[in-house]
Amino acid sequence: MISSAASQKALLVLADGTVYEGYSFGAKGTTVGEVVFNTGMTGYQEVLTDPSYAGQIVTFTYPELGNTGVNPEDEESIRPQVKGAIAKNICHRPSNWRSTQSLPDYLADHHVIGIYGIDTRSLTRKIRSVGAMNGAISTEILDYHDLLRLVQAAPSMAGLNLVKEVTTKEVYEWTTPTPSPWEFAPIDSDQEPLTVVAIDFGIKRNILRRLASYGCRVIVVPADTPPEKIAAYNPDGIFFSNGPGDPAAVTEGIALAKQLLQGEKPTFGICMGHQILGLSLGAETFKLKFGHRGLNQPCGLRQQVEITSQNHGFAVQEASLNPQVEITHLNLNDRTVAGLKHKSLPFFSVQYHPEASPGPHDADYLFAKFVDLMRQAKKDRS
């Protein structure tokens with residue numbers, strides 16, 4: 001960490017008027033977004049490049065970022081997706097054999113503004129007690145009254161459709177599996193490949209790698225792709241990805257899910273995909289007070305527990321579920337819905353990340369479950 005005396009001052013202002021004074025890292029300028037916190041002790045690069053964080057300023061509760069630098073292999077998308085980053089301490093001189101660049105230089109190159117040197121424990125406690133709220137970081141507007149006016153003029157995350165900012169513009173095919181040194185269990189992927197069409201609401205690369213590792217040919221399509229175009233690929237299964245913003249505002253995704261479910265293809269949804277599928281069957285979603293963002297969230301039902309990686313600010317309302325939809329998992333911290341399946345249609349979904357990256361691998365079996373569902377459907381058709 002370089003001395004604070006050599007650092008440029010920066011200001012963080014929350015929508016309720018709370019002010020934190022710190023120092024700049026990354027790019028210079030001003031940024032506004034929803035301030036949230038992530039409790040993970042590892043994986044800062046994956047968090048920063050996860051499209052589900054679009055529109056948000058992420059507070060890292062782990063006390064120092066940047067020790068291992070950054071590298072191209074750990075990116076979850078083509079660039080950082082966050083509006084800004086908040087840390088207690090920053091390492092400017094990383095030490096790791098995989099590192100190709102320091103974190104501050106990486107964020108500066110991608111025009112992402114950060115602030116460090118503030119009490120992130122105090123900030124996290126504030127968000128937990130008051131709730132996630134908009135905030136702004138600036139290295140140029142150091143009068144908090146002026147910065148507060150910018151924050152208060154920004155739209156709330158509730159009702160915001162951010163999918164259009166992160167979904168792919170072009171159809172592409174993904175075939176690269178998880179690198180063998182990182183594989184943690186033997187997988188039988190020698191059978192005939194299965195074709196999966198993945199609806200991209202902000203998909204993480206590690207989801208694509210896991211699908212490929214399980215023997216899937218993955219065709220990634222934009223979120224507004226017409227159902228007839230998806231059907232033209234003759235997929236064995238449909239995947240609904242993670243993504244940012246308010247799921248109820250993604251009306252094109254909900255309409256698409258309604259139509260695709262009628263085709264009774266095996267369907268798997270993760271995070272926003274889970275919420276979109278629930279909404280398409282008549283459920284409602286609601287905004288969580290401060291969301292679930294970390295690597296250690298327990299989920300389960302019927303005496304079985306999975307420790308899961310999570311990143312979401314909305315959840316499916318249990319009381320609104322269609323009678324044909326069954327709850328398979330609950331978040332055991334707050335009892336919110338964490339997994340669903342249909343009683344007759346071949347679809348299931350989870351409100352967490354079985355692909356982890358970073359995080360535990362307890363739920364990786366869900367990819368095998370999806371593959372088994374597709375193979376059984378294919379066998380039944382033949």
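Begin with the place where the two domains meet: in this predicted model, 29 residues of domain 1 are in contact with 21 residues of domain 2. To see both partners, colour residues 9–153 as domain 1 and residues 163–381 as domain 2, which are the bounds given by the domain assignment of the protein. If you then mark the centre of each domain, taken over C-alpha atoms, you will find that 28 Å separate the two centres.

Next, select residues 8–138, the span that UniProt lists, in an unreviewed entry, as "domain: Carbamoyl-phosphate synthase small subunit N-terminal". Show this span as a cartoon, and note that 18% of it is helix and 35% is strand. Its end C-alpha atoms, which you can pick out at residues 8 and 138, lie 11 Å apart.

Now move along the chain and select helix α8, residues 251–261, together with helix α9, residues 272–280, whose axes are 8 Å apart and which pack at an angle of about 70 degrees. Angles from 65 to 115 degrees count as roughly perpendicular, and α8 and α9 are therefore described as roughly perpendicular to each other. Their crossing is right-handed. Show the side chains at this contact: α8 contributes Gly-253, Ile-254, Ala-257, Lys-258 and Leu-261, while α9 contributes Ile-276, Leu-277, Leu-279 and Ser-280. Sorted by character, the residues of this contact comprise 6 nonpolar, 2 polar and 1 charged.

From there, go to the loop between β15 (285–301) and β16 (304–316), and select Gln-303. Although Gln-303 is not a glycine, its phi is positive, at about 70 degrees.

For the last stop, select Pro-358, which you will find in the loop between β19 (347–350) and α10 (365–381). Is the peptide bond from Ser-357 to Pro-358 cis or trans? Display the backbone atoms of both residues and look along the bond that joins them: the peptide bond from Ser-357 to Pro-358 is cis, with omega near -5 degrees.

How values were computed. Residues are numbered from 1 along each chain as its sequence is written. This is a predicted model: local features need pLDDT of at least 70, side-chain atom pairs count only at pLDDT 80 or more; totals for chains, interfaces and linings use all residues. Side-chain values use heavy atoms; hydrogens and water are left out. Axes are lines fitted to C-alpha atoms, for helices over the stretch in contact, and angles run from 0 to 180 degrees between N-to-C directions. Helices (H or I, at least four residues) and strands (E, at least two) are DSSP runs, numbered from the N terminus. Angles under 35 degrees count as roughly parallel, over 145 as roughly antiparallel, 65 to 115 as roughly perpendicular and the rest as oblique. A crossing is left-handed if the near helix is turned anticlockwise from the far one by less than a right angle, and right-handed if clockwise. Contact means heavy atoms within 4.5 Å. Ala, Val, Leu, Ile, Met, Phe, Trp, Tyr, Cys and Pro count as nonpolar, Asp, Glu, Lys and Arg as charged, and the others, Gly among them, as polar. UniProt positions are given in the numbering used here, feature names are shortened, and annotations may be inferred rather than shown by experiment. Domain bounds come from an automatic or database domain assignment.
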